[in-house]
Amino acid sequence: RLGFKALAELLDIPQERFYVFGTEKREGTGQLRGSDWSILEQEFETPFSKNQMIAVPYGLDKGEHYEFFEKVLNTIDDTEEIIFDISHGFRSTPVVFLMSLFFKFSIGEPQAQKLRVFYGAYEAGEEPSEVKPGSNGKPYNVRNVALVEMEIIPELLAWVKATERFTKFGIASDLAKLASNDSTLGNFYKRLELLHLEIAYNTVQTIPDKVDQVLEEFNRKKKVLNTRHPLHYLKAPISNMLDSIHGGSKAEKLLKSAIFFIDTERYGQASVAYREYLTALIDECSGRKNQYMADKLLGLLAQNESKDKLWKERSEKLFDQVSDWNSNLAVDLQAEVKNLMDLRNIFAHAKQTNRLMKQHEMLVEMIEGAKHGKWLPLLNAPIGDWFSFINPWYQKNEP
């Protein structure tokens with residue numbers, strides 16, 4: 001008669017671990033009577049405590065839905081496993097209840113390791129084998145009914161969370177964990193783990209290779225990853241990631257990486273990738289293939305306000321050399337490098353965090369400018385002369 005009574009016997013769940021949600025009687029609406037709580041004692045033969053019987057509204061408007069939501073969050077405690085029976089009640093009840101549980105999981109309150117959802121398929125049961133008197137005086141039919149475990153619900157919840165973290169933030173660790181729990185996928189999870197680490201550590205030169213490896217693994221698993229498997233539908237997002245980062249010179253890959261991190265809201269990594277982009281671009285434009293010197297050049301250019309007199313003078317002289325070639329780009333290049341240094345101090349050393357919003361806006365603007373070719377004039381710049389200024393011994397010590 002009660003799905004959760006069968007579950008109690010099947011899974012050996014003590015009665016004190018039950019919470020039963022029932023509807024409240026709605027005054028003035030004859031058809032909407034409240035739940036008959038006497039059925040509990042009749043079936044279990046032991047009374048339930050008051051705090052185990054949770055009266056909720058019928059859910060006929062948004063306010064009643066949120067009242068139900070509130071009672072779910074204030075009732076379900078932290079536990080290793082939650083078992084939920086949706087055999088009884090209105091069709092809307094399990095939807096609101098499950099969404100409330102999903103919200104509770106997302107804020108990290110419970111330490112629930114497992115969610116199991118059961119449904120007593122009454123309509124699919126056998127013909128009545130017995131008739132019993134009900135508590136309201138009306139007899140009811142007893143059937144043999146299958147208890148169906150809805151394993152797809154917690155599994156899809158996990159896939160929803162993992163997919164959202166991946167598509168929004170480029171975080172593949174949750175997908176890797178799900179893949180590791182699926183024996184049919186073999187070592188596919190290792191590919192996803194490596195991709196996650198490459199993105200997390202901003203190793204922009206090798207990210208495209210890792211994406212290629214994941215896509216190759218997708219193709220090897222065609223039979224397993226049919227249209228019934230959630231991972232089948234992630235081939236397109238991963239391909240899009242490949243398209244957004246793959247191809248071009250080292251500088252171009254770094255710029256694409258900075259754009260990717262901006263789009264996925266990983267701003268600290270975006271600023272690092274953008275600084276590396278400027279360094280690689282100057283190095284490539286010089287034809288020197290000495291990124292160390294390019295990095296030193298940018299660092300010196302930003303020292304025009306240094307307290308050290310010697311550094312300040314050298315910075316100003318370098319700025320004059322760059323200005324002789326293109327005064328506007330000299331101003332912009334110096335400003336951008338200084339902004340990147342300031343931003344790094346903010347997120348790495350928590351200095352002047354009140355400026356974070358302004359610096360963030362500047363970062364987005366800088367990357368947008370680079371995306372539209374702002375720094376292409378550097379291709380014709382006399383960068384070799386600038387290197388010579390930084391280190392007079394550079395030419396004779398050139399490898």
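The legends below go with close-up views of a predicted model.

**View 1. The largest nonpolar core and the residues at its centre of contacts.** This core has 70 residues, and those touching the most other members are Phe218, Tyr274, Tyr277, Ile282 and Trp375. Helix H11, covering residues 267-286, supplies the largest share, with nine residues. If you are wondering about the general picture, nonpolar side chains in soluble globular proteins tend to be buried together.

**View 2. Trp375 and its contacts from elsewhere in the sequence.** Which residues does Trp375 contact, once neighbours within four places in sequence are left aside? They are Tyr274, Tyr277, Leu278, Leu281, Leu329, Asp332, Leu333, Glu336 and Ala370. Tyr274 and Tyr277 may look familiar, as both are listed with Trp375 among the residues that touch the most other members of the largest core.

**View 3. A second nonpolar core.** Apart from the largest core lies another one, made up of 18 residues. Ile76, Ile82, Leu115 and Val117 are among them.

**View 4. The salt bridge between Glu149 and Arg116.** Here the closest N and O atoms are 2.7 Å apart. The two partners come from distant parts of the chain, 33 residues apart: Glu149 sits in strand E7 (residues 147-149) and Arg116 in strand E4 (residues 114-120). Is each partner buried or exposed? Glu149 counts as partly exposed because its relative accessible area is 26%, whereas Arg116, at 17%, is buried.

**View 5. The salt bridge between Glu305 and Lys338.** The closest N and O atoms of this pair are 3.1 Å apart. Glu305 belongs to the loop between helix H12 (291-301) and helix H13 (309-325), while Lys338 belongs to helix H14 (residues 327-349), so the bridge links distant parts of the chain, 33 residues apart. Glu305 has a relative accessibility of 61% and therefore counts as exposed.**View 6. The salt bridge between Lys374 and Asp332.** In this pair, N and O are 3.8 Å apart. Lys374 lies in the loop between helix H15 (356-371) and helix H16 (383-390), and Asp332 lies in helix H14, 42 residues apart in the chain. Lys374 is partly exposed at 29% relative accessibility, and Asp332 is also partly exposed, at 28%. Asp332 appears in View 2 as well, as a contact of Trp375.

**View 7. A network of salt bridges.** Arg191, Glu216, Glu217 and Arg220 are joined into one network by salt bridges that share partners. In general, side chains of opposite charge can pair when their charged atoms come close. For the whole model, the count of salt bridges comes to 17.

Terms used
Residues numbered from 1 in each chain as written. Predicted model: local features only at pLDDT ≥ 70, side-chain atom pairs only at ≥ 80, totals over all residues. Heavy atoms only, no water. Core = buried A, V, L, I, M, F, W, Y, C linked by side-chain atoms within 4.5 Å. Buried < 20%, exposed > 50% of the residue type's maximum accessible area, 1.4 Å probe, protein only. Helix = DSSP H or I, 4+ residues; strand = E, 2+ residues; numbered from the N terminus. Contact = heavy atoms within 4.5 Å. Salt bridge = Lys/Arg side-chain N within 4 Å of Asp/Glu carboxyl O.
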